[in-house]
Structures are given as structure tokens and as C-alpha cells.
Amino acid sequence: MEHLQFLIILLLSPLVQGVIKKLKALMQGRRGPGIMQPYFDLIRLFKKEMVISETASWIFRAAPYVVFSSVLCAAMIVPVISVNADGWVMGDVIALIYILGLGRFFMALAGLDTGTAFGGEGSSREMTVSIMVEPMMMLSIFAAAIAAGSTNLSRIAETHAIVYSPSHLLALSAFIIAVIAETGRIPVDNPDTHLELTMIHEGMLLEYSGRYLALMEWAHYAKQMLLFTIAIDIFLPFGITKTGAAADAAISAGLYAAKIAVFSVLMATVESSRAKLRFFQLSSLLGGAFVLSMLALLMYIMMGR
Amino acid sequence: MNTQEIRILSSQTRLNEEYIEVAKDDFRLTCVNIFRKHNALLRLMFAADERAETGCFRIYAVFSVKDEDRFVIVNSALGTDCSYQSITPDIPAAHWYEREIKDMFGLMPIGHPSPGRLVLHESFPAGSHPLRKDWSISDSELKVWSEGVVENEPYNFMKVEGEGIFEIPVGPVHAGIIEPGHFRFSAIGETIFFLEAKLFYTHKGTEKLFEKIGFEKGVQLSERVSGTSSFAHSAAYCMAVERLCGAELPERALAIRTLALEMERLYNHIGDIGNMCAGTGLAVGYAKGALLKEELMQLNARVTGSRYLRGVNTLGGVKCDFLQKAEDINSTLDHITIGYKQMMDMLQQSVSHLERLETTGVLSKDIAKSLGVTGIAARASGLNDDMRADHPHLLYHALHFESNLMAKGDVYARMMARAADAECSISMIREILSMRFDSRLAADIHKVPAMQQALGYAESPRGSLFYWVRSDSEGRPLRVKLRSPSFCNWPAMPFAVHGNIVPDFPLCNKSFNLSYSGCDM
């Protein structure tokens, strides 16, 4: 059964997106769409006709599948509510980050492929941001991984104590910034904008429509929930079941839902309380986060905890 | 330069308009003299087809003299060669007007540095000038034009070349629901080196239509030139026609017009401050601004029956006496004032928002001055340009207000200029509501005199707004020229965004809040 936990991420990620949107609307004094709206959007997009640019090559057509399956693969190696997956190569973080990197690479290629200015801009900005985000994300995970003595997510989740060391807290804050950047949220990117010139993630998707767009969007929702899950596994894994017993699993699932809710509130709050950063000032935010993760690592090495 | 060389053919003063007629060859020199000696501002420039009356085209340049409530209107009859000396090299603010005149009348500005097409789309038949009285278009030409495929006169974009320069074409169709405009950026990485804006995609023939429908119906047309400045447009238009007829408006009509102008300004400014938050991604500020604007527009609908204050103005005065609803306006304003203060406090405390605004999109005072920038954009760059103070009309001589000048000319200065202006509007509305007026709403206008001309103007939320009307020998409109503030401010935008980064362009654009429709008549 544990092998199927990735379905939780796959099937519930539009709901998480819907909840975040609803929270944001409430914080802005709007009523907002219902929390099921992302499902309706996906269904609508899957039914719609596709319009594909004449200049698009096979990359444009392949990218949605590559992006979607990379997120799917990544979701498969992440423990969601149970770490008891015997015999299964559960969760090497380095593999995980590179699988996600593959998806990102193809998305950027697809943005460039049709030769539109906005796609190119989006891809170039995405790559600029990822240069800063990827190492920072790696370092913050390593800080936790060294403490656990393994780069396997299941191991990290298992061995984690409820007591937090300073190094853990630093790494967690760096990781949260990485999650914000990776999910294309304010202050790094603005997911709700219609202003083509300011777009990063949306810019790369501008040429997509119909089924391909649905896949891209779904992959994006899933990636968001996946990143929340990784953060939970590494930094807040308490309550995750090790036995696979039904009662334990139920508690674990309940806790997991609560933790995801906490992340959703956090994302909505950050997004509602800040303006987007000027593009060239992203380096100070992301650079700062890099320093945090570096400190986390150093602190562990020097203090031993 | 020597003024003695100029021979003034005729001069005529009416109200605050001084018409000076000079020979065609003296036109440029006269304009330059007035511009330099009186430190005058070029307010608008236009042509009229007076061939039926006097046998020639005539060009007009309207200057407003500094620190005086006086307009000097230089005009010249053009001969059969349909050309004149361009004043753009001396007065850069004339550059668009001369191109517009060339498109619409076929009058050549000799010596204009860039006399290409401005208003007419490149598919428009060559040699066809719509504002000429004898203009007509054949069905086949119309078809070619409306399909927009054939380039009768190609539009040449400025080509910037060099290492690392790449072009980003944006529009004319945009992702948001906005009007069409094509922006071509030449960027080095993310930094904007050059921006060329190609506008005028939706020419509607408004000025031609004004000539056809007569003065009476023109009020409704003027209300529909630009949605958010509906009232300012109709107020300026009515003023022009009323001055043409020599009508004296009752005080109550003046008060109601002033009140409505300030109500229009208030909802626009608050909405615009909110819109600037959309440019930085500050969703809460945007939502708050939209909410306050909506409340004000609902107030408009309650007191006048129109969210855009349409249907209030009529020639000779107003139709709707909403001074009687002072209580509703006052209590809504109480509520708005609290909400507005909260919004401004919140914005002032949002470091992330302010950080985006400061030093972004700086428009220098020099450029603003030489391009004739008007309204908020001018005041934010330290130019004191406010029709309410420069040429007091309606009730403005009796009201207390300040023109709020900012020095820096960046996006932040434009936000703060709007905020200060909005506060001014609130206090002016309250002041008007506390005054008492007799109950007459409109003066009677019996007949429009023949062969007369007059200016009408207003300070719209975006800046100065002008109408110039002239009647023909039967008292029908011969020419209605309208000049919206966006026509003056659009050319300044490329200067403001130079050196900024591409993702900051929408924010700069929002801070100017320019209308596409308003300058594409």
C-alpha cells in the first residue's frame, strides 16, 4: 500500500492549490472561487482543443509529459504518510532534486521553443532564479541529511527528533524560501498576474493550451504539494507512521493534513502581505537564504547538532 | 530673434483667448517668440478645414501664458501648397500634433524631425485625409483598410543594433483586458535601452463625428470619449460651446460641475493607487483600492444615475441637481476617508511595495517640460501644471486647494501626487457641499452664432483636457478639436522607462495611467 502514497500528492494537489487561493482571497477581502476550482479548471482544460504554434518542435510537445512524469517520479520516492516501504528505493534527496531539475530543464526549453519573447523571457528568468535556488535547497537538505546520517528521505524522517537544533531551524527557514521560489510565488514570482512582461513561470506556459496546459498546471500543483511534503519529511516528520498499521496510518494522515494546512496558510500569508521583489533584488533574498543554509551546515559541523 | 519682423495680420481677444493671425511664413517665429519670451506652454495645436468659408486650411497653436489666465492662439492660413514650417525643432511638445495634422489634413510640417504616420494605421489609403471636408473613401479602399494587410505607408520601428540587444514586441493584443497598444522594447538583458510605443489602433473618427451630429448631441459623444474621464470631457466640451454662445452659467451649475469633476478625480485617483499595487503584486492594496473605487462609483450611480457621471451635463448647465443629495455624499465620504487613510497607511508601511516604487521610472523635469507633460505626471516631476490653478474656471477661484508638487518624478512621486490630490478633492467636495446656491440649473442657449470659435478646458484626473470648437456660417460645428491629457503624456513614457528593467515596465505604465482610447479620436 505504501507504494501508492504518491497518489495522495497527485490527486489532492489541486485541492491544496484551491485552499491557498481561497485563503488568499479571504485575506484580500474577496470571496474567491471555491476550493474545488482547480479540479474544474483541469477538467475544462483537458476537454479543450489545443492551439499549437507552427514553429513548435517536438520539444514543445514532449515537455508537458516530461514535466508531468518528472514530478510523478519525484512523488513516488517521497514518503508521504508512511516511511515503511520495505525493499523500495524510497527517497534519495539528491536523485529527487535532479529529477525535478529534469522537469525544469524541459519546461525552460519549451518556453524557448516557440520563439516568442515572453517564453524566452520566462525561461531566462527561471534559469536565473534556479541557479540561486537549487544549491540553496541542496545545502539546506544536506544540513538535515548529515544530522540523520543519510540522504534517504525515509531515514531522515525516521531519525528526526522532535527537539530542534539551531541548525535545523536555519535550514528550515532557507528551505521555505526555496519552496516559495520553486512554486513561483510572491515575492519571487506572481502567479496571479496578467502582466506578460513580469512573468516567470507563467511566461514559459503562455503558448500552451488545452491538454498540454492542463498537464503543466497539474504538474505545477503536484510539485507544490511535493515540496511541502519534502519539507514535512525533513523538518516536521513527527507522527509519520513506521509500522503501516491502520490506526497509525490514520493518525499520520491526519497530522500530514494539518501540516499541509499550516504550509498553505504560510504561503497565503506571505503572498498577501508582500509585494513582489524587483527582479534584480531576488539575488539578495535568495543569497540570504543561501547563507542561512550554509550557516545551518556549518553549525551542525561545528556544534555537532 | 526680432519681433519687429513679424507682421500681425489681425488680433482679436475674447474672454481669456487672444487670437493672433500671422502670415504662414511668420507662424514658426511667432510661436517660438511666445514660447520663449512669455515662458508659455504649448497646450494644443490643430488645423481646421476652412476652405468653404475662407478658401484655405488654417493651423492653430494654443499657448497658455505662465502665471496669467490667458491663452495666446497663433493661427495662420495655409496656401495651396499645404505646408508650413514645423515648430517641433524649437518646441518639441508640438511633435505629435504636427504629425496628427499631417495625417488628418495632409498639411506638411517642413523640417519635422520624424514626420511619419502617427494616427492613421499603415493600411489606410495613402493621400487620404479624413478630416478634410471633401474626404470620402471608396468601398474597395475601405475593404483593404479594414483588413489591415496592405501597408500603404509602412511604419518603421527604430532599430537598435549592437551586441546583446534584443527586441521584445508586446501587444497590441495583451493578456489582460486592456486596450490595444504595441510596445517594442530594445533591451540589454533585462534593462530597457529603448522603447517605442505604437498606439492609435482604434481610430474612431470622433472629431469627424462631432462635426456631423451637431453641438447638441456632441455632449453625449464627449461623455464617451474616455470612460474614466467622462465628466471632464463633457464639462470641457460644454464649456467650449457655452463660451462660443456667450452663455453665462448659473452658479449652481458651476458648483455641480466642479463637484462632479472632483468626484470623478477622487474615484480615479483611489482606483489608480490601487492599480499601482497590482503592478508590484501587492494584492491586498489592489483589492482595497478596487473596493473604495467601487463604493465611490456606486455613490455616483446613486446621486446621478450613472457610475461614470454621464447624463449630468447639458449645454448651458446641468440636468441633474445632485447637490440635494449632499447628505449621502457626505456620509459616503466619511466612510471612504477612513478606508482611504487605512489604505495609505498600509501602503506607506509596506516596505516591499515602496521599495519597488522608489527610483523606478524617473521622468526628469526637463523632459516633462519640453514634451508638455500634463497632470499628475507633470506635478510628480516638479512641474506646476494644474488647469484649476492656472486657468481658474467653474468654481475653482472660490475653493481652497493646493497643487501638490513632488520633486523626484519616480513612480512613488506619482503615487504620492495622486494621494495628495485625492485628499484635496475630498476637502473640495466638502467645501462645495457646505456652500449655498440659488436653484437655477441651466442657462438658455438659443442659437449658436456663426463663424465663432472658443476653447473649453478642464483638469481631468489624468491632466489638462481641451476642446476647441468653431461654428460654420450656419451655426453648425465646423471643427471640434479635442486634446486629452494622454496625448501629451504618452510620448514621455519611453523616457521614463529608459534604464529600468523590463518587468518594471507595467508598473511605470500604471503610474502614468494613460488612456489609449482618449488619444485615439
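Does Asn39(B) count as buried or exposed, and how many C-beta neighbours does it have inside 10 Å? The model in which this can be asked is a predicted one, and in it Asn39(B) counts as exposed, because 11 C-beta neighbours lie inside 10 Å, where a residue is called exposed at 12 or fewer. Asn39(B) sits in the loop between α1 (27-37) and β3 (41-50) of chain B, and although Asn39(B) is not a glycine, its phi is positive, at about 50 degrees.

A second residue of chain B invites comparison. Phe200(B), which is not a glycine either, has a positive phi of about 60 degrees, and its place is in the loop between β10 and α4 (206-223) of chain B. Phe200(B), however, is buried, because 21 other C-beta atoms lie within 10 Å and the term applies from 20 upwards.

From these two loops we can step back to the chains as wholes, beginning with chain A. Chain A contains 11 helices and 0 strands, so that, by the way these elements are assigned, its succession from the N terminus on is α-α-α-α-α-α-α-α-α-α-α. The C-alpha trace of chain A spans about 55 × 45 × 45 Å along its principal axes, and its radius of gyration of 19 Å agrees with the value near 19 Å that a compact globule of 305 residues would have. Buried residues account for 52% of the 305 residues in chain A, and of the contacts in this chain between residues at least 6 apart in sequence, 81% join residues at least 24 apart. One local feature of the backbone deserves attention here: the peptide bond leading from Ile186(A) to Pro187(A) is cis, with omega near 10 degrees, and Pro187(A) belongs to the loop between α7 (166-182) and α8 (201-205) of chain A.

Chain B has both kinds of element, with 16 helices and 15 strands. It is divided into domain 1 (3-117), domain 2 (155-198) and domain 3 (206-519), and the C-alpha centres of domain 1 and domain 2 of chain B are 33 Å apart. Along its principal axes the C-alpha trace of chain B spans about 70 × 60 × 50 Å, while its radius of gyration, 23 Å, agrees with the value near 24 Å for a compact globule of 521 residues. Of the 521 residues in chain B, 50% are buried, and 67% of the contacts between residues at least 6 apart in sequence join residues at least 24 apart.

Two hairpins of chain B can be followed strand by strand. In one of them, strand β1 (residues 8-14) is hardly covered, with 0 buried residues among its 7; β1(B) runs antiparallel to strand β2 (residues 17-22) of chain B, and 6 bridges join the two. Arg14(B) stands opposite Glu17(B) in β2(B), and with 2 residues between the strands, Leu15(B) of this hairpin takes a positive phi near 50 degrees. In the other, 7 bridges join the antiparallel strands β9 (residues 182-188) and β10 (residues 191-198) of chain B, with Ala187(B) having Ile192(B) as its bridge partner in β10(B). This hairpin also has 2 residues between its strands, and Gly189(B) in the turn has a positive phi of about 65 degrees. In the loop between β8 (165-170) and β9 of chain B lies Pro172(B), which a cis peptide bond with omega of about 5 degrees joins to Gly171(B).

In soluble globular proteins, nonpolar side chains tend to be buried together. The largest nonpolar core of this model has 251 residues, and Ala236(B) and Ala240(B) are those with the most contacts inside it. Its largest share, 18 residues, is supplied by helix α9 (residues 210-235) of chain A. Not counting residues up to four places away in sequence, Ala236(B) touches Gly456(B), Tyr457(B), Ala458(B), Leu465(B), Phe466(B) and Tyr467(B).

Another buried position is Gly279(B), with 27 other C-beta atoms within 10 Å, in helix α6 (residues 251-280) of chain B. Leaving aside neighbours within four places in sequence, Gly279(B) is in contact with Pro506(B), Leu507(B) and Lys510(B).

Where the two chains meet, the contact takes 24 residues from chain A and 24 residues from chain B. On the side of chain A that touches chain B, the residues divide into 10 nonpolar, 7 polar and 7 charged.

Methods:
Residues numbered from 1 in each chain as written. Chains lettered and ligands numbered in written order. Predicted model: local features only at pLDDT ≥ 70, side-chain atom pairs only at ≥ 80, totals over all residues. Core = buried A, V, L, I, M, F, W, Y, C linked by C-beta atoms within 7 Å. Helix = DSSP H or I, 4+ residues; strand = E, 2+ residues; numbered from the N terminus. Contact = placed C-beta atoms within 7 Å. Nonpolar A, V, L, I, M, F, W, Y, C, P; charged D, E, K, R; others polar. Domains from an automatic or database assignment. Rg over C-alpha atoms; globule rule 2.2 N^0.38 Å. Pairing = 2+ DSSP bridges.
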